[in-house]
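Student: I am new to this structure. Please take one part of it, any salt bridges it may have, and go through that part closely, along with what lies around it.

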Amino acid sequence: MPAAVKTERSWILALFGLPFFCVGAGFLLFSIAPALYDAARMALWPETPGTLLQAQLVASHSDNSTTYKATAEYRYNVAGRGYRNSRVAIGSGGDNIGNFQQELGTRLEKAYRNSQPVSVWYNPKNPQESVLNRDIRWGLIGFEMIFVVIFGGVGFGLMFFGLRGIKSVDS
């Protein structure tokens with residue numbers, strides 16, 4: 001009679017890995033994928049001149065770092081109809097990853113002070129949806145990918161090996 005193969009799974013190991021996997025998947029699904037999707041959509045949007053109603057680089061200080069956020073409010077016209085918006089870039093939050101926020105905020109503040117027009121890209125199907133900067137922030141994507149790879153990878157590995165189990169032969 002052949003020996004029976006027994007598999008011992010570790011549900012605790014798999015459950016321990018689940019939160020790590022969820023953190024990685026969360027960064028991928030709720031930050032990276034939407035940013036890339038928005039950039040792809042916005043690449044096809046037409047451009048129109050806009051007027052800045054306000055522009056500011058906001059700095060938030062904490063114990064060890066300073067976070068920056070470029071903000072602006074602007075108006076623009078599409079097919080004779082006026083619109084207002086405040087979306088500045090693909091991502092809406094402030095950060096301290098690279099100098100993107102500082103450069104964009106400084107550029108917008110200068111344009112506002114000098115009453116210079118700005119380029120506004122708008123959704124032709126919904127002109128109320130617009131943005132001033134549609135660049136992909138590869139540095140931010142790369143930083144977030146660290147969480148996807150490290151947390152998601154560790155979590156996936158723990159879940160995989162926990163559910164795969166160890167096979168032993170009963171004699």
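Tutor: A residue counts as buried under 20% relative accessible area, as exposed over 50%, and as partly exposed in between (1.4 Å probe, protein chains only). The model is predicted, so local features need a pLDDT of at least 70 and side-chain atom pairs a pLDDT of 80 or more, while totals for chains, interfaces and linings use all residues. Residues are numbered from 1 along each chain as its sequence is written, and side-chain values use heavy atoms, without hydrogens or water.

Side chains of opposite charge can pair when their charged atoms come close. Over the whole structure, five salt bridges are found (a side-chain nitrogen of Lys or Arg within 4 Å of a carboxyl oxygen of Asp or Glu).

One of them is between Arg-87 and Asp-38, with N and O 3.0 Å apart. The two partners come from distant parts of the chain: Asp-38 belongs to helix H1, Arg-87 to the loop between E4 and H2, and 49 residues separate them. Helices (H or I, at least four residues) and strands (E, at least two) are DSSP runs, numbered from the N terminus. The partners also differ in cover: Arg-87 is partly exposed because its relative accessibility is 24%, whereas Asp-38, at 15%, is buried.

Another bridge starts from helix H1 as well. Here the side chain of Arg-41 meets that of Glu-129, at 2.7 Å from N to O. Arg-41 sits in H1 and Glu-129 in strand E6, residues 126–131, so this bridge ties together parts that lie 88 residues apart in sequence. Arg-41 has a relative accessibility of 22% and is therefore partly exposed.

A further bridge involves strands at both ends. Glu-73 pairs with Arg-84, and their closest N and O atoms are 2.4 Å apart. Glu-73 is in strand E3 and Arg-84 in strand E4, eleven residues away, and this pair too links distant parts of the chain. Glu-73 is partly exposed at 26%, while Arg-84 is exposed at 55%.

Some of these pairs belong together. Asp-38, Arg-41, Arg-87 and Glu-129 are joined into one network by salt bridges that share partners.

Now the surroundings. The loop between E4 and H2 also holds Val-88, a residue that is buried, since its relative accessibility is 6%. From Val-88 to Tyr-122 the distance is 12 Å, C-alpha to C-alpha, although they are 34 residues apart in sequence.

The loop between strand E3 (66–78) and strand E4 (81–85) contains Ala-79. Most residues other than glycine have a negative phi. Ala-79 is not a glycine, yet its phi is positive, about 50°. With a relative accessibility of 84%, Ala-79 is exposed.

Ser-115 is found in the loop between H2 and strand E5 (118–123). Its phi is near 55°, again a positive value in a residue other than glycine. Ser-115 is exposed too, at 66% relative accessibility.

To return to the request: the network takes in Asp-38 and Arg-87 together with Arg-41 and Glu-129, and the bridge between Glu-73 and Arg-84 links strand E3 with strand E4.
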